[in-house]
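Visitor: I am new to this structure and should like to learn how to read its features. May we go through them one at a time?

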Amino acid sequence: MQYVYFNIVKKYQYLVKLVPMKTRSVFEFDSYKKLMANRLSSEGSRGQLSRAAEALNCQPSFLSRVIKAEIHLTPDHAFLLSEFWRLAGDEAEYFQLLVDTERASNPKYRSALRAKAALMREKHE
């Protein structure tokens with residue numbers, strides 16, 4: 001276990017235990033909202049929601065509403081969030097695909113996107 005000393009004021013030192021964060025693969029999720037909840041609201045990720053909101057140039061309350069399934073991310077927000085998480089290649093494409101799938105209103109289109117997402121998940125298992 002790692003420990004870090006923080007000097008708040010020169011007189012005081014605080015010993016803080018760093019808790020390693022387990023980051024699950026994006027391919028373990030079938031919903032971008034579950035992925036967001038895991039990455040932004042999990043234990044040990046204090047302040048992530050605010051930092052992500054700043055990266056997306058939106059309010060933290062907007063991201064909270066997205067996670068609670070009230071509204072959807074825009075494709076632009078999805079792109080910026082994948083950059084914030086440093087997703088590259090297939091991970092970024094898969095995240096964008098999850099967003100597009102949940103935003104799709106046409107059942108045939110949604111089904112086609114789900115099939116494509118399933119193929120990507122199988123590829124990365």
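**A buried charge and its surroundings**

Guide: Let us begin with a lysine in this predicted model. Lysine 33 is buried but forms no salt bridge, and the nearest side chain of opposite charge, that of glutamate 102, is 5.0 Å away.

Visitor: Why is a distance of 5.0 Å to glutamate 102 not counted as a salt bridge?

Guide: Side chains of opposite charge can pair when their charged atoms come close. A salt bridge requires a side-chain nitrogen of Lys or Arg within 4 Å of a carboxyl oxygen of Asp or Glu, and the 5.0 Å between lysine 33 and glutamate 102 does not meet that cut-off.

Visitor: Which backbone oxygen does the side chain of lysine 33 reach?

Guide: The side chain of lysine 33 reaches the backbone oxygen of isoleucine 71, at 2.6 Å. Lysine 33 itself belongs to helix H1, which spans residues 32-41. Beyond its neighbours within four places in sequence, lysine 33 is in contact with Val66, Ile67, Ala69, Glu70, Ile71, His72 and Glu102.

Visitor: Where are salt bridges found, and how many are there?

Guide: The count comes to 3 salt bridges. In one of them, lysine 34 meets aspartate 30 at 3.7 Å, N to O, and both of these residues are exposed. In another, glutamate 70 pairs with arginine 65 at 3.1 Å; arginine 65 is partly exposed, with a relative accessible area of 40%. Lysine 123 and aspartate 90 also meet in a salt bridge, at 3.1 Å. Because lysine 123 lies in helix H6 and aspartate 90 in helix H5, this pair ties together parts that are 33 residues apart in sequence.

Visitor: Are lysine 123 and aspartate 90 buried or exposed?

Guide: Lysine 123 is exposed, with a relative accessible area of 60%, whereas aspartate 90 counts as partly exposed at 25%.

Visitor: Which residues have the most contacts inside the largest nonpolar core?

Guide: They are Tyr32, Met36, Leu63, Leu73, Leu81, Trp85 and Phe95, in a core of 30 residues. Helices H1, H2, H3, H4, H5 and H6 each supply at least two residues of this core, and H5 gives the largest share, 6 residues. Leucine 81 offers an example: apart from residues up to four places away in sequence, leucine 81 touches Met36, Ala52, Leu56, Leu73 and Phe95.

Visitor: What is the order of the elements from the N terminus on?

Guide: The order is β-β-α-α-α-α-α-α, with 6 helices and 2 strands in the protein. Buried residues make up 32% of its 125 residues.

Terms used:
Residues numbered from 1 in each chain as written. Predicted model: local features only at pLDDT ≥ 70, side-chain atom pairs only at ≥ 80, totals over all residues. Heavy atoms only, no water. Helix = DSSP H or I, 4+ residues; strand = E, 2+ residues; numbered from the N terminus. Buried < 20%, exposed > 50% of the residue type's maximum accessible area, 1.4 Å probe, protein only. Lys, Arg positive; Asp, Glu negative; His and termini not counted. Polar contact = N/O pair within 3.5 Å; in protein donor to acceptor, adjacent residues only side chain to side chain. Contact = heavy atoms within 4.5 Å. Core = buried A, V, L, I, M, F, W, Y, C linked by side-chain atoms within 4.5 Å.
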